[in-house]
Amino acid sequence: MAADLGVSEGTAGLAVAATAIAGAVTAPSIAVVLPRTDRRLVLIGLLAAAAVSDLAVALAPAFVVVLLSRLVLGVAIAGYWSFAFGAGVQAMPGRERLVSTSLSVGVSVATIVAIPLASVGADTAGWRVVFGVAAGVTVVSLGFLVAVFPAVPAHPSAGLVMMRSALRNPLLIAGLVMIVLAALGNFVAYPYIRLAIMRVTPGDSAWLLLAWGFGGLLGNLAAGVLATRLRLASAVAPLLLSASLAVTGYAVGVPMLVVGVVCWGIAFSMIPVATQLWVARAEREHTESAMSLQVTAFQTAITMGAAVGGSVVDGHGVAAALTVGAVCAALSGIGFAVLRPS
């Protein structure tokens, strides 16, 4: 992409940061802008925006178009995550664990499948074709949503009133701080997982990354099983993440590295499920706003993690970055162990 559009690789990387920043800024505000709109229509509109964004990237004549399109994608992703859980729970009352686990399992499966396919596709057909295919897949998803998802009326207090009420909940705010720490622990380290693997076994990064992805799938399911003991699940996930980052960063052989990488995948993928349910329980009456704030917490952590992790790796090496991530995750686990969501 960088070579085709005539920019440096570092500049091209801004497309990823732009998506996260746009998501962090807009996640809390979409419900304020659309307080009374049927949530089914909102989800359909956000998928349509994502499809248009990917298509625009595929056809982009210059990097500025890519950047603007990725900003739109950030809004679409953040909005979808903000509304999907609440809309799913309204469509399937009393099935919070199923909805949360299904959303996270879907993301894990998509990640396991999409990353290698996108890599192969970019090498063989070009990056523009990959984004074009992504747009097509999003349209298929949109069509499926139109066909099967019921109407979901907005909550009577949705919008600014709901957001103000959620922000006045000190337990929710404390939980969001712990979520930022947990996500920061991962995203300080994750961009450099390949470097951590290559330090021990340079030729095995592909299958170990696949093992990380399958560990993530197991983590989603484990979090769903443990969700009946939500306080335990919310604390164990970041503590396991902390331990696995330390093991991965200081592994002295392949078996130790495998354990660290797989446990890393399990631990991080437990966090979205557990924290989504934790936030919903901490703010039962204003779940939609609570979900949008959780999305903002994750997107903020992604942006911060990229900046902090890059600085630490450049100055002190990849093991130091994983250590910083381990400390952040440990603090999150301790915090969730202390807090009571209900």
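Which residues have the most contacts inside the largest nonpolar core? They are Leu241, Trp264 and Phe268, and the core they belong to has 58 residues. Please keep in mind as you read that this is a predicted model.

## The main core

Let us start inside the protein. Several helices each supply at least two residues of the 58-residue core: helix 6 (63-91), helix 10 (170-189), helix 11 (193-200), helix 12 (205-226), helix 13 (230-249), helix 14 (254-282), helix 15 (287-316) and helix 16 (318-338). The largest share, 14 residues, comes from helix 14.

Apart from this core lies another one, made of twelve residues. Among them are Val42, Leu46, Phe83 and Val152.

## Trp264 and its surroundings

Trp264 is a good residue to look up in the structure. Its relative accessible area is 0%, so Trp264 counts as buried. Leaving aside neighbours within four places in sequence, Trp264 is in contact with Asn186, Ala189, Tyr190, Ile193, Trp212, Leu241, Ser244, Leu245, Thr248 and Leu322. One of these contacts, Leu241, also appears with Trp264 among the residues that have the most contacts inside the largest core.

## Aromatic pairs

How many aromatic pairs are there? The count comes to five. In one of them, the ring centres of Trp127 and Phe131 are 6.1 Å apart and the planes meet at 85 degrees; because an angle over 60 degrees counts as edge-to-face, this pair is edge-to-face. Both residues sit in helix 8, four residues apart, which means that about one helical turn separates them. Trp127 and Phe131 are both buried.

Tyr190 and Trp264 also form an edge-to-face pair, with 6.3 Å from centre to centre and 90 degrees between the planes. Tyr190 lies in the loop between helix 10 and helix 11, while Trp264 lies in helix 14, so this pair ties together parts that are 74 residues apart in sequence. Tyr190 has a relative accessibility of 25% and therefore counts as partly exposed, whereas Trp264 is buried. Ring pairs also bring in Trp212, linking Tyr190, Trp212 and Trp264 into a cluster.

## A buried glutamine

Another residue to find in helix 14 is Gln276. Is Gln276 buried or exposed? With a relative accessible area of 1%, Gln276 is buried. Not counting residues up to four places away in sequence, Gln276 touches Trp81, Phe85, Ser100, Leu103, Ile271, Met291 and Gln294.

## One salt bridge

Side chains of opposite charge can pair when their charged atoms come close. A search of the whole structure finds one salt bridge. Arg128 forms this salt bridge with Asp4, and their closest N and O atoms are 3.2 Å apart. The pair links distant parts of the chain, as Arg128 is in helix 8 (residues 127-148) and Asp4 is in helix 1 (residues 2-5), 124 residues apart.

How do the two partners sit with respect to the surface, and what are their relative accessibilities? Arg128 has 26% and counts as partly exposed. Asp4, at 45%, also counts as partly exposed.

## A nonpolar patch on the surface

Which residues make the nonpolar surface patch? Val32, Val33 and Leu34 do, and the patch covers about 230 Å². Val32 lies in helix 4 (residues 30-33). At 32% relative accessibility, Val32 counts as partly exposed.

Methods:
Residues numbered from 1 in each chain as written. Predicted model: local features only at pLDDT ≥ 70, side-chain atom pairs only at ≥ 80, totals over all residues. Heavy atoms only, no water. Patch = residues over 30% accessible without salt bridge, like charges linked within 9 Å, V, L, I, M, F, W, Y side chains within 5 Å. Areas by Shrake-Rupley, 256 points an atom, 1.4 Å probe, with all protein chains shown as cover. Salt bridge = Lys/Arg side-chain N within 4 Å of Asp/Glu carboxyl O. Buried < 20%, exposed > 50% of the residue type's maximum accessible area, 1.4 Å probe, protein only. Core = buried A, V, L, I, M, F, W, Y, C linked by side-chain atoms within 4.5 Å. Contact = heavy atoms within 4.5 Å. Phe/Tyr/Trp six-rings, centres within 6.5 Å; stacked < 30°, edge-to-face > 60°.
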